[in-house]
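Got your viewer open and a hand on the mouse? Let's take a walk through this structure, one selection at a time.

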Amino acid sequence: MKKIFFLLIAAAFVLQSCIINSEIVYHKDAASTSVTDIDMKQFIAEMKAMTPDSLKQQKEFGDMDKLPTVWTSIFDIQKKEGKLKTQDPDSIRIMKKIFMKTNKENNEPAGFSLKMERFTKGDYQMLSSYNKKEKLPFDQNIFNDWDGKTLTINTENFNLKNIEESLKSKASKDEAEKVEGMITMFFKSIGTTLKFENKIKSITGKHDWVKQTDNYTVKIDYDLKAMYDKEAKLNHADKKIVIVTE
């Protein structure tokens, strides 16, 4: 897993070359499924063009190329690699519900994806504890409260905390101190789509980055510049947004 994040650290040298899109599906039974896609094809192409003979680059891309191209649980990946270090049943249960795969275009690595399959409130509580050690780049919005009918969005979750922590954990001490300041250089765009199985009945609260796109969908588009500019002023920035479904 850690070798993947070398690519994100190296992205600091290729301005705005990565795109992150997440989708969270809210199920009627109060569970939710989320998928995060990290598109790195532009970064990979530029890195290969800049240093085509780099042995280190070949090693990193070679390791990425060995990752599964179909959804595979983190538990199965670590077990296959002989890196499974925990026997804690709760951690293992969570690991079996987190999946990853590498994505390819024209038989070349293009990025990777993470998925959490039908997580409950209890699962998310366990995930918080598990991720303190693993530092996976999950969308912060997965921790918003969903009861099967009503989603309460805490807009303080409109941040890149998990992504920053993932980058810092795979970087040297000097690099880690620079991550927050360079985050806007890593990515072209970051967005989250919220989908509901039932039709949206009402939305209370407003935020500049939140827009309802149809009867079942809400889109969050992060303004990365405003996110890191303490002087930035938003027209609408309510602390809570409540979405009620039928």
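Before we set off, keep in mind that this is a predicted model.

**Stop 1: an open pocket.** Begin with the second largest pocket, which holds about 340 Å³ of space. Select T155, E156, F158, H207 and W209: among the 18 residues that line this pocket, these are the closest to its centre. Now try colouring the lining of this pocket by class. You should get 9 nonpolar, 3 polar and 6 charged residues.

**Stop 2: a closed space.** Next, look for a cavity. How many cavities of 30 Å³ or more are there? The count is 1, and the space in this largest cavity comes to about 90 Å³. To find the spot, select F138, D139, Q140, L160 and I163, which lie nearest the centre of the cavity. In total, 16 residues line the cavity. By class, they split into 7 nonpolar, 7 polar and 2 charged. Then show β1 (18–26), α7 (161–169) and β8 (187–196), since each of these supplies at least two residues of the cavity lining.

**Stop 3: the sheet.** Switch to a cartoon view and follow the strands. Here 8 strands make an open sheet with mixed pairing, and the order to trace is β3-β4-β5-β2-β1-β8-β11-β10. Why does one side of β3 (72–73) and of β10 (210–214) have no neighbour in the sheet? Both stand at the edges with a single partner strand each, so one side is left without a neighbour.

Now zoom in on β1 and β2 (residues 32–39). These two strands run antiparallel and are joined by 8 bridges. For one of the partnerships, click N21: its bridge partner in β2 is D37. As background, strands of a sheet pair through backbone hydrogen bonds, either parallel or antiparallel.

Add helix α6 (residues 121–134) to your selection. This helix packs on the sheet, where it touches β2, β4 (98–105) and β5 (108–119). Compare the directions of α6 and β5, and you'll find an angle of about 130° between them.

**Stop 4: aromatic rings.** Last, show the aromatic side chains. How many aromatic pairs are there? The count is 8. One pair to pick out is Y26 and F196: the ring centres are 5.2 Å apart and the planes are at 20°, so the pair is stacked. Y26 sits in strand β1 and F196 in strand β8, so this pair ties together parts that are 170 residues apart in sequence.

Key. Residues numbered from 1 in each chain as written. Predicted model: local features only at pLDDT ≥ 70, side-chain atom pairs only at ≥ 80, totals over all residues. Heavy atoms only, no water. 1 Å grid on protein atoms, 1.4 Å probe; cavity = no way out; pocket = protein on both sides within 12 Å on 5 of 7 lines; lining within 4 Å. Points joined across faces, edges and corners; volume = space filled by probe spheres on them. Helix = DSSP H or I, 4+ residues; strand = E, 2+ residues; numbered from the N terminus. Nonpolar A, V, L, I, M, F, W, Y, C, P; charged D, E, K, R; others polar. Pairing = 2+ DSSP bridges. Contact = heavy atoms within 4.5 Å. Axes fitted to C-alpha atoms, helices over the stretch in contact; angles between N-to-C directions. Phe/Tyr/Trp six-rings, centres within 6.5 Å; stacked < 30°, edge-to-face > 60°.
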